[in-house]
Every structure is written in structure tokens, then in C-alpha cells.
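This report introduces the structure shown below to a reader who has not met it before. Please keep the sequence and the model at hand while reading.

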Amino acid sequence: MELGIIGLGRMGGNISRRLMKAGHRCVVFDSNAKPREALAKEGATDAASLAALVKAFGEKPRAVWVMLPAGKITEETVDALAGLLEPGDIIIDGGNSFYKDDIRRARTLGEKHIRYVDCGTSGGIWGIERGYCMMIGGPKDAVDHLDPIFAALAPGLGTISRTPDRGKGDPRAERGYIHAGPSGAGHFVKMVHNGIEYGLMQAYAEGFDILRNKDSKDLPEDERFTLNLPDIAEVWRRGSVVSSWLLDLSASALAKDPQLSSFSGFVQDSGEGRWTIEAAIEEAVPAEVLSSALYARFRSRQEHTFAEKMLSAMRLGFGGHVEGKEASNPAPTTER
């Protein structure tokens, strides 16, 4: 298939590469010429503008994947594409947009008979190797048309053991992607996914902070232990019920630097944690752990603990996020 890809940052560029490796043709655009030129050398078609990208397609319906930070830049890009595409074409937002914005966009684009698909995309900088877990919202005909794209990006069955008693459930879920529902459903599921991610990361961070402080001078001398955090992280990876990819990333960071001295303890939030709490409030669903994890990130911008350094280490590991030391109260970012 042909796919236009707009935004060639940490994930957009690798999405292009994974698709081309699977035999798909990618037409790519970014306001920065360097990533376009790099991908052109790898086989992509370099488009110098949105109009050029649309004109470069050799088949219809055209499908364009927008992989940009949520907010103004995505809004403007979708609006511009709406003026360039034709009825039957498809716009995919693969970033971290707010699901209510997806519902609005789908309605507006529907008036022009342009189909809109929201795709919550998880995998970070490792997706090119591991594949991307995708939670997709939008009309069934558009999602079905794009299935070869999603199948190529997804991890596939891999080596993960199959879940007993799944019966005749949708086989796509086992391969790493689902059609979650109508417009907005994909990003809603991804939003809650990120909210859960906050809670999991906070639990690991606090646990390792407790372990690290077991040699505190405030404790009785015979109750002080100097614990080897890299070894603890490593042993927990092997058969423990708390093993996970986040723990793998933590173990890797601790092995390189047990004190995590290269991390400031300043922890950003993507915005999706906030939206998850807003959804919990709207639904009157208690979300104590997720709320606390979000507020812990706010606190990290005022005072820093080893727990916050652990959070930064995990964020760097899965998403390539580099936390700023100088910002005091930044706005949330959805840069992938």
C-alpha cells in the first residue's frame, strides 16, 4: 500500500522505516528537510509540502498518517489536508490527540466525505524493532482498508504465550492492534493506557527509593542495609510477578549508573495522564493511584528524589524523553 506520513520525529521516521521494510511505499513530509532526505535515501518519496505529498500518490483512496504533537500543529495539519484530499480519502492521527477532538474532527471531515481514523500508538523509540501496539478508532470500512498497514506495524504473535480461553475473539488483538470502536475510541483507550503507565512507573520508582534509603542514618544501625539496586532490578526480571518492560528499562538504567546521577529528577507529563483523570471524574470512577502518580510528577518540578530519577530513566528508555532541568512549570507535551 501507499501511505503518506507527516512528522518524522522519534516515532514517525521509524514508522516509515518499518512500513518500507514490509514492502509498503511511503511518501513523507516534515518541516525539517533533513529527516525527509534521510528517508528518501532509504526508499521513501520525499515531499516538500503537504500539497506535494498528496499529489505524489499513485493510487486512491489516499491515506495520510499524521504523527505530530497534539494541539495546534496537528489541528492545522488536519485542516490543511481537508482542503487537499478528496471524498473517500483517509486521515489517520497516530499521535496523542485528545479523544474529544477526534470526535469533532471526524464529524467535520465527514461533511466532506473524508474518513478520519484515530490511532493510539504505543511503542516509543523501540517500535521499529518490537512493533507498535495500536488502539484504533474510526469507521470500519476505513480501518479494514488500512489493515495491511496496521498489520505491518504491529508486533505480531511473537513469542508471547497465547491467552487461554480467548475463544474466537478478534485475532488482531493477539497480533498487537485492535479496532477499539468509533471515532475517538482509539485515543481514549491509549489515553487510559498512558494513565496506567503513570501508576506503574510510580510504583517502581517509589519501591526503588525505599530500597535505596534502607541505609539511612535515621534507622537503627542493625536495621540498615546497603542494597545493590542493579542486582535487585535484575533478579526481579527473572520469574518475578512484577517483571515487565518498564522493569527491564529500569534495570538497564541502574546497570549503567546505580545512582542515576545523570538524571535531574524533573519529570514531565504528556498530558494524557491529566485527560485520564478528567475522564475518571466525568465517569465518577475513583482513580486514586493514577491521580497520585500524576501529582507526583507535578511535585517533581519543585523537589527531586531518587524516585523521580527512576521515572526519568524509564521515560528516556521507552520514549527517548530527555527531561529538562531548568523548566519550573512547563506545559504538558505530547511530543513522541
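In this predicted model, His-113 is placed in the loop between α5 (99-110) and β6 (115-122). The phi angle of His-113 is near 60 degrees, a positive value in a residue other than glycine. With a relative accessibility of 57%, His-113 counts as exposed, because exposed means over 50%.

A positive phi is also found at Asp-165, where the angle is about 65 degrees although the residue is not a glycine. Asp-165 belongs to the loop between α8 (147-153) and α9 (171-175). The relative accessible area of Asp-165 is 82%, so this residue is exposed.

The table sets out these two residues.

| Residue | Phi | Loop | Relative accessible area |
|---|---|---|---|
| His-113 | near 60 degrees | between α5 and β6 | 57% |
| Asp-165 | about 65 degrees | between α8 and α9 | 82% |

Another backbone feature involves a proline. Lys-60 and Pro-61 are joined by a cis peptide bond, with omega about 0 degrees. Pro-61 is found in the loop between α3 (50-55) and β4 (63-66).

The loop between α8 and α9 also holds Arg-162. Arg-162 has a relative accessible area of 56% and is therefore exposed. Leaving aside residues up to four places away in sequence, Arg-162 touches Leu-157 and Glu-174. From C-alpha to C-alpha, Arg-162 and Glu-174 are 7.6 Å apart in space, and in sequence they are 12 residues apart.

The description now turns to the sheet. In what order do the eight strands of the open sheet stand? The order is β3-β2-β1-β4-β5-β6-β7-β8, and the pairing is mixed. At the edges stand β3 and β8 (177-181); each has a single partner strand, so one side of each is left without a neighbour in the sheet.

At the β3 edge, β3 (residues 45-46) pairs with β2 in the parallel sense, over two bridges. Here Val-28 stands opposite Asp-46 of β3. Between these strands, the chain leaves β2, passes through helix α2 (residues 33-41) and reaches β3; this β-α-β crossover is right-handed.

Strand β2 also pairs in the parallel sense with β1 (residues 2-6), and this pairing has five bridges. Within it, Ile-6 has Phe-29 of β2 as its bridge partner. Together with helix α1 (residues 12-21), β1 and β2 make a right-handed β-α-β unit. Is strand β2 mostly covered or mostly uncovered? Strand β2, which spans residues 25-29, is mostly covered, with four of its five residues buried. In a regular strand, side chains alternate between the two faces of the sheet.

At the other edge of the sheet, β8 is paired with β7 (residues 133-137) in the parallel sense over four bridges. Ile-136 stands opposite His-179 of β8 in this pairing.

The next topic is the largest pocket. This pocket contains about 940 Å³ of space. Its lining is made up of 32 residues, and those nearest the centre are Arg-130, Cys-133, Pro-155, Ile-160 and Trp-245. Which elements give two or more residues to this lining? They are α9, α10 (185-212) and α12 (245-256). Helix α10 gives the most to the lining of the largest pocket, with six residues. By residue class, the lining of the largest pocket divides into 11 nonpolar, 13 polar and eight charged residues.

Helix α12 also contains Ala-253. Is Ala-253 buried or exposed? The relative accessible area of Ala-253 is 14%, and Ala-253 is buried because buried means under 20%. Not counting residues up to four places away in sequence, Ala-253 touches Leu-260 and Ala-313. Ala-253 and Met-314 are 61 residues apart in sequence, and their C-alpha atoms are 7.8 Å apart in space.

Terms used
Residues are numbered from 1 along each chain as its sequence is written. This is a predicted model: local features need pLDDT of at least 70, side-chain atom pairs count only at pLDDT 80 or more; totals for chains, interfaces and linings use all residues. Side-chain values use heavy atoms; hydrogens and water are left out. Buried means under 20% relative accessible area, exposed over 50%, partly exposed in between (1.4 Å probe, protein chains only). Two strands pair if DSSP finds at least two bridges between them. A crossover is right-handed if, with the strands pointing away from the viewer, the path from the first strand over the helix to the second runs clockwise. On a 1 Å grid over the protein atoms alone, a cavity is a set of points where a 1.4 Å probe fits but cannot get out, and a pocket is an open set with protein on both sides within 12 Å along at least five of seven lines; lining residues have an atom within 4 Å of a point. Grid points are joined across faces, edges and corners, and a volume is the space filled by probe spheres set on the points. Ala, Val, Leu, Ile, Met, Phe, Trp, Tyr, Cys and Pro count as nonpolar, Asp, Glu, Lys and Arg as charged, and the others, Gly among them, as polar. Contact means heavy atoms within 4.5 Å.
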